[in-house]
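Student: I would like to learn how to read the features of a protein model. Could we take them one at a time?

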Amino acid sequence: MSMANTYTAASTLVLERNDTRMLEAVTQLESEERDRAAIETEMDIISSRVFVGRVVDAANLVEHPWFNTYLRVPDSPDTLPERIVNAGKAVLGSILPFDFFSEDRALPSQAAQRDRAISSLVSRMTVSRSGESFAVTVRVSSPDPELSAMLANTIADVYVEWSRELKKQAMTEAVAFLRERAEKIAEQIAESERIIAEFSRVNGLSSDERDDLLRKRIDEMSTQLTTARVELAAVRARQEQARRVLAGTQAAEGTALDSQLLDTLRSERAVLLRKRAQHAANLGANHPNVVDTDAELDSVNAMIDQEYQRILDDISGEEQIIGGRVDQFESQIAQMQEMVRKRNVAEIRLRELERDLVAEQKMHDLVVARLGDLDPFSEITKPSARVVSVAEVPTKPSFPQKDRILAGGIGGATVLAVILAMLLEAVDTRISSGQRIRQVIQVPNLANVPAARGWMWWKPGATHDIARRPRAIQAEAFRSLYLACRAQLAMAKPVMLVTAPLPGDGASTVALGLARAAACDGLKTIHVILDPHRQQFSGGGTDLPVTLNGSNGLTTPLGLATAIRPEPEIEGLDRLDTASFDHGKMGPLTRSKDMRLLIDRLRVTYDFVVIDCAPALVTEDANWMAPLVDAVLLVVRFGRTTEQELTSAVQRLHLNRAPLLGTVLNGVNPRLQTGDDSLSAMSYPRQARAYLEHA
């Protein structure tokens, strides 16, 4: 409730659906829509320190002490936190060895102050959007509603203007880049055209049909070369035949060797051969005519051989001529083919240069076209966002929402309290009902003694109500305990021992209340205090010694005359404090024989003996007294004695076979009672007080 109010203002931006990139084609731009990651990136940019720094500069937040915490906040201790802060500064200012909070303290650099203002604004602003929407909401919180609205609107306006500046700068840079690129491409085109022209000139390349004529000439020469090679082969075949004919290995007939002279010589030889045959047949082999004819035949054969040699020489010359023509054709064809190969390589390089030129021309056209689209609008740019909702000055604080916090705090505290109560109840092993006592130790709970009302757990004079107000709730509780004990004990003149697990459980109070209830019933009762550390109750008994004679069964050797005191408020009730024995005569009761003798003597004189013993878990007095008494009452403190303590006390008493009659639940608070025990008057305290205490 004492916290300062915080006011939150919100402004809304809508991001453009298309993210324009300056150097891309329009068709591609239309398909580039912002996706979720792009929008989240824009939101991160709005929250970035670079952008927030522009907002700090625009709003001059360095001069505002709420954001630049290095500056001194104006004195306005209107709220509790501000008063506490000022008081703390005053205390620390008196402790620190220098004036830390002084206004004259040197401020850090302007950059450090600006960084502090940026950090403060970043911590006070949030950027969000709803689902997949392109609308981005900016919220700013501050103690001043007008300042919150101003900052929210400033953030929106600065972002819109900043996006416009960024796009304008991008467009300007794109135009400059395109212009520079167009100039470079134009220079490259001119250089490429010059290289192509020079390359065509050097390599003799042109666009006419020279290449086709050269290839046709090569084809024609190839045909002639083939014909020459055929002729050369025929000539060589004839030459080979002529050589075989001259060598005599082949007959001349049937060969390609032929001439007019050779035909004439062959005819003459045939005539001479017939003539010789006739002369030889008619005249004999040695006839002169036969000899003449043989001489003529030899002359004709010689002329035929000369003709064959001449033909062979002609064929050899023809072979040389045709072979030279074949070599010439082959050389010319090889030269032409080399020329074609070189021209092909040059054409490949020329086509590469032409392709590069075409590509550069297309790039130049594209750059010039894009430059023509951007250049006229380079000074007019559209921002990538627009403001659709300005922030209004908030009239109600966004934090703390005291009504909701108070309601939620009460509800949450209630739920937490219930949960804690259930957890505490689950782990709480303290005794809070007689039913639980019976479940733990299988011993009945004889009575429930209520807690006395007042600032203390027990009033010192609570048991005196038995005498002064016998109908009080506490008196009725002790009366119920007495009746339960009388019903359980069938013997005459019983001796009861009252103990508890630990000190403070109320064993002395229960013992005194039981004794007074028995005395009020007409029994001569004595209350024996065996606990040496028990404090005396105020108003109980007197210091005057009682004169004892033989009629009451007690004799003076035990020193009882100086130890027994009567209770003046209740007739028939005496008190024996063993701590007040005259040790010089009797000594402390540390032997069972002495204690048995004392109990026997008290049983003779009194109808009801109540012994207030020390706690069972602290001393062994209860175990020591257990065989000497008729019954033992174990006092359990409501809401204090745990189940472990109760179980341990019962186990200690069972070690010496103590006659455990039952338990007494002391200090019962009816409102915290968890069992189903009947608390009689305690269950109806208002009606019981109205009926009994005023009776």
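Tutor: What follows goes through sheets, helix contacts, a salt bridge and two points of the backbone. Keep in mind that this is a predicted model.

Student: Let us begin with sheets. What is the strand order of the open sheet of four strands, and how are the strands paired?

Tutor: In general, the strands of a sheet pair through backbone hydrogen bonds, either parallel or antiparallel. Here the open sheet of four strands runs in the order 2-3-1-4, and its pairing is antiparallel. Strand 2 (125-129) and strand 4 (385-389) each have a single partner strand, so one side of each is left without a neighbour in the sheet. From one strand to the next, the twist averages 30 degrees.

Student: How many bridges join strand 2 and strand 3?

Tutor: Strand 2 and strand 3 (residues 135-142) are paired over five bridges, in the antiparallel sense. To follow one of them, find Thr126, whose bridge partner in strand 3 is Arg139.

Student: Which strands does helix 2 touch where it packs on the sheet?

Tutor: Helix 2 (residues 36-46) touches strand 1 (7-15), strand 2 and strand 3, and its direction makes about 165 degrees with that of strand 2. Helix 6 (residues 145-203) also packs on the sheet, touching strand 1, strand 2, strand 3 and strand 4. The direction of helix 6 makes about 20 degrees with that of strand 1.

Student: Now the other sheet. What is the order of the eight strands?

Tutor: Read from edge to edge, the order is 5-12-11-6-10-7-9-8 in an open sheet with mixed pairing. The edges are strand 5 (445-450) and strand 8 (564-566), each of which pairs on one side only. The twist here averages 25 degrees from one strand to the next.

Student: In which sense do strand 11 and strand 12 pair?

Tutor: Strand 11 (residues 631-637) and strand 12 (residues 660-668) pair in the parallel sense, over six bridges. Look for Leu633, which stands opposite Gly662 in strand 12. Packed on this sheet is helix 13 (residues 473-488), which touches strand 5, strand 6 (495-499), strand 11 and strand 12. Helix 13 makes about 170 degrees with the direction of strand 5.

Student: Next, pairs of helices. At what angle do helix 13 and helix 14 pack?

Tutor: To read such a pair, take the angle, then the distance between axes, then the residues in contact. Helix 13 and helix 14 (residues 507-520) pack at about 75 degrees, with axes 8 Å apart. An angle of 65 to 115 degrees counts as roughly perpendicular, and that is why helix 13 is described as roughly perpendicular to helix 14. Helix 13 contributes Phe478, Arg479, Leu481, Tyr482 and Cys485 to the contact, while helix 14 contributes Thr509, Val510, Gly513, Leu514, Ala517 and Ala518. By class, these residues are eight nonpolar, two polar and one charged.

Student: How do helix 3 and helix 5 cross?

Tutor: The axes of helix 3 (residues 49-59) and helix 5 (residues 110-124) come within 9 Å and cross at roughly 105 degrees. These two helices are therefore roughly perpendicular to each other. Their contact includes Val52 and Val56 of helix 3 and Ile118 and Leu121 of helix 5. In this contact there are seven nonpolar, two polar and five charged residues.

Student: Why is helix 11 called oblique to helix 17?

Tutor: Helix 11 (residues 434-441) and helix 17 (residues 643-654) pack at an angle of about 55 degrees, their axes 10 Å apart. That angle makes helix 11 oblique to helix 17. Their crossing is right-handed. Among the residues in contact are Ile437 of helix 11 and Leu646 of helix 17.

Student: How many salt bridges are found in the whole structure?

Tutor: The search finds 23 salt bridges. One example joins Glu40 and Arg129, with the closest N and O atoms 3.6 Å apart. Glu40 is in helix 2 and Arg129 in strand 2, 89 residues apart, and the pair links distant parts of the chain.

Student: Last, the backbone. Where is the cis peptide bond?

Tutor: The cis peptide bond joins Phe399 and Pro400, with omega about -5 degrees. Pro400 lies in the loop between strand 4 and helix 10 (402-427). Look also at Gln442, in the loop between helix 11 and strand 5. Phi of Gln442 is near 55 degrees, a positive value in a residue other than glycine.

Methods:
Residues are numbered from 1 along each chain as its sequence is written. This is a predicted model: local features need pLDDT of at least 70, side-chain atom pairs count only at pLDDT 80 or more; totals for chains, interfaces and linings use all residues. Side-chain values use heavy atoms; hydrogens and water are left out. Axes are lines fitted to C-alpha atoms, for helices over the stretch in contact, and angles run from 0 to 180 degrees between N-to-C directions. Angles under 35 degrees count as roughly parallel, over 145 as roughly antiparallel, 65 to 115 as roughly perpendicular and the rest as oblique. A crossing is left-handed if the near helix is turned anticlockwise from the far one by less than a right angle, and right-handed if clockwise. Contact means heavy atoms within 4.5 Å. Two strands pair if DSSP finds at least two bridges between them. Ala, Val, Leu, Ile, Met, Phe, Trp, Tyr, Cys and Pro count as nonpolar, Asp, Glu, Lys and Arg as charged, and the others, Gly among them, as polar. A salt bridge is a side-chain nitrogen of Lys or Arg within 4 Å of a carboxyl oxygen of Asp or Glu.
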